[in-house]
Amino acid sequence: MKRELAWNKYKNKQLKELESLCKGYKEFLDKGKTERECVTETIEIIEKAGYKNLETIIAKKQKIKTGDKVYAVCMGKAIAMFNIGKKPMEEGLNILGAHVDSPRIDIKQNPLYEDTDFAYLDTHYYGGIKKYQWVAIPLAIHGVVAKKDGTVVNIVIGEDEKDPVVSITDLLIHLSADQMSKTASKVIEGEQLDILIGSKPLAGEEKDAVKKQILKLIKDKYDIEEEDFISAELEVVPAGPSRDTGLDSSMIMGYGQDDRVCAYTSLMAMLEVDKPEKTSCCLLVDKEEIGSVGATGMQSKFFENTVAEILDRMDKFKELTLRRCLANSRMLSSDVSAAFDPSFASAFEKKNAAFFGKGMVFNKFTGRGGKSGSNDANAEYMAAIRKIMDEEKITFQTAELGKVDIGGGGTIAYILSLYGMEVIDCGVAVLNMHAPWEITSKADIYETKNGYAAFLKKA
Ligand code: MN
Ligand code: MN
């Protein structure tokens, strides 16, 4: 059961491919810090590769046939791509599904206030975070403000080197005797995560002069009124680009690698596979971090409706054909795994942990406390996948999320499995998962992309 480090098998050719893949990945991370930005970025990449918008195909009453590449977007926050294979859709799709939302801090609908000559934005955090990790670091604001006249203003503040950043303050250590005696979940509490955005008064104003200065600034720059926050989606994320990490540059540190590392590798695998036997499909969805809910989460009918529309454009739509297509599909639920961390070794069971550099990670099950909420893939499916990975010489490992009863987590796997299709969780191991800056191994990114491509070709 011994697993080798993938690094040991690489020749120059592979190392070059690995670096070029990771360069593209870092750019994807830097341009896509929100689900919307990731979808926009994805569309730009796939349109260059010949993917056509399903909406246009439907509007123009065009047909879809083998070899066609199509995509559909759900409210700018989720996307489904299809590379139509030689076999009938009824025989099932090979699906890669990842999520493009990441833990962050969202701005409330009535956020702006002034206190003691500071202006703040009040927030509500999104997803599972250790709140104390998000203070005293540079933060950026990304998102949209939808105005009553129908226009949508895109906002990115804090990424350009000339931009200001924003931040959440922490108490100085000198006065922290009380704070330091609190449990970590209480050191910084949810309502304390307010973003400091200004300290300069508007000339001639007495009351709330700093807040008024901020309002003038956003009016001048973006033509936004205070009331427009009501219909805004503004996400506060770590400011700055992803970076090579380690003196040997073997790793990548970046924000939102859960789950954009699986989104990007899935996307690249999708573009690599030409003329597949079965139709290839890649799903990049929203809201996984808060339970896959809403119209843009995996529980939405968006995916099913899209498959129905494609069958219709192929003159193959029947309720039964759609159901068979979904039930006969195979899926890799592409999500990150917890990487073994020697500094926190006691949280892991070493025989069943994921290690940096040991390749793509398969999680037969996720869940918590007695596998609760887990998809738990079938042994037969696991065997079929193992065979493909071995044939294609993919370095892979199997793992579970930490020791039994120490915690847990979920993915979108259980949702797709409701169609009766085979699903297994797999992806890239991550250190510092859900922290502002997460770390991955370049070798794992490369193996996972190759593993996804192998699956699309052979499953
Ligand atoms: Mn995830
Ligand atoms: Mn997560």
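1. The central element of this note is an open sheet of nine strands with mixed pairing, in the order E1-E2-E3-E13-E4-E14-E20-E16-E18. Strand E1 (52–53) and strand E18 (396–398) form its edges, each pairing on one side only. The model is a predicted one.

2. Within the sheet, strand E4 (residues 93–99) runs parallel to strand E13 (residues 279–285), and seven bridges join the two. One of the residues involved is Gly97, whose bridge partner in E13 is Leu283.

3. Two helices may be considered against these strands. Helix H2 (residues 35–48) lies across strand E2 (69–74), strand E3 (78–83) and E13, and runs at about 20° to E3. Helix H10 (residues 379–391) also packs on the sheet, where it touches strand E14 (330–334), strand E16 (360–363), E18 and strand E20 (422–427). The direction of H10 makes about 75° with that of E14.

4. The manganese ion (ligand 2) has as protein donors Asp258 (OD), Glu289 (OE), Glu289 (OE) and His434 (NE2), at 2.1 to 2.6 Å. Along the chain, the donors of this ion follow the spacing D-x30-E-x144-H.

5. Asp258 and Glu289 link distant parts of the chain, being 31 residues apart. Asp258 belongs to helix H7 (residues 257–272), whereas Glu289 is in the loop between E13 and helix H8 (302–313). Both Asp258 and Glu289 are buried.

6. A further manganese ion deserves mention. The manganese ion (ligand 1) is 3.4 Å from the manganese ion (ligand 2), and Asp258 coordinates both.

Technical notes: Residues are numbered from 1 along each chain as its sequence is written. Chains are lettered from A and ligands numbered from 1 in the order in which they are written. This is a predicted model: local features need pLDDT of at least 70, side-chain atom pairs count only at pLDDT 80 or more; totals for chains, interfaces and linings use all residues. Side-chain values use heavy atoms; hydrogens and water are left out. Two strands pair if DSSP finds at least two bridges between them. Helices (H or I, at least four residues) and strands (E, at least two) are DSSP runs, numbered from the N terminus. Contact means heavy atoms within 4.5 Å. Axes are lines fitted to C-alpha atoms, for helices over the stretch in contact, and angles run from 0 to 180 degrees between N-to-C directions. Donors are N, O and S atoms within 2.8 Å of the metal (3.2 Å for Na, K and Ca); water is not among the atoms, so sites may look incomplete. Buried means under 20% relative accessible area, exposed over 50%, partly exposed in between (1.4 Å probe, protein chains only).
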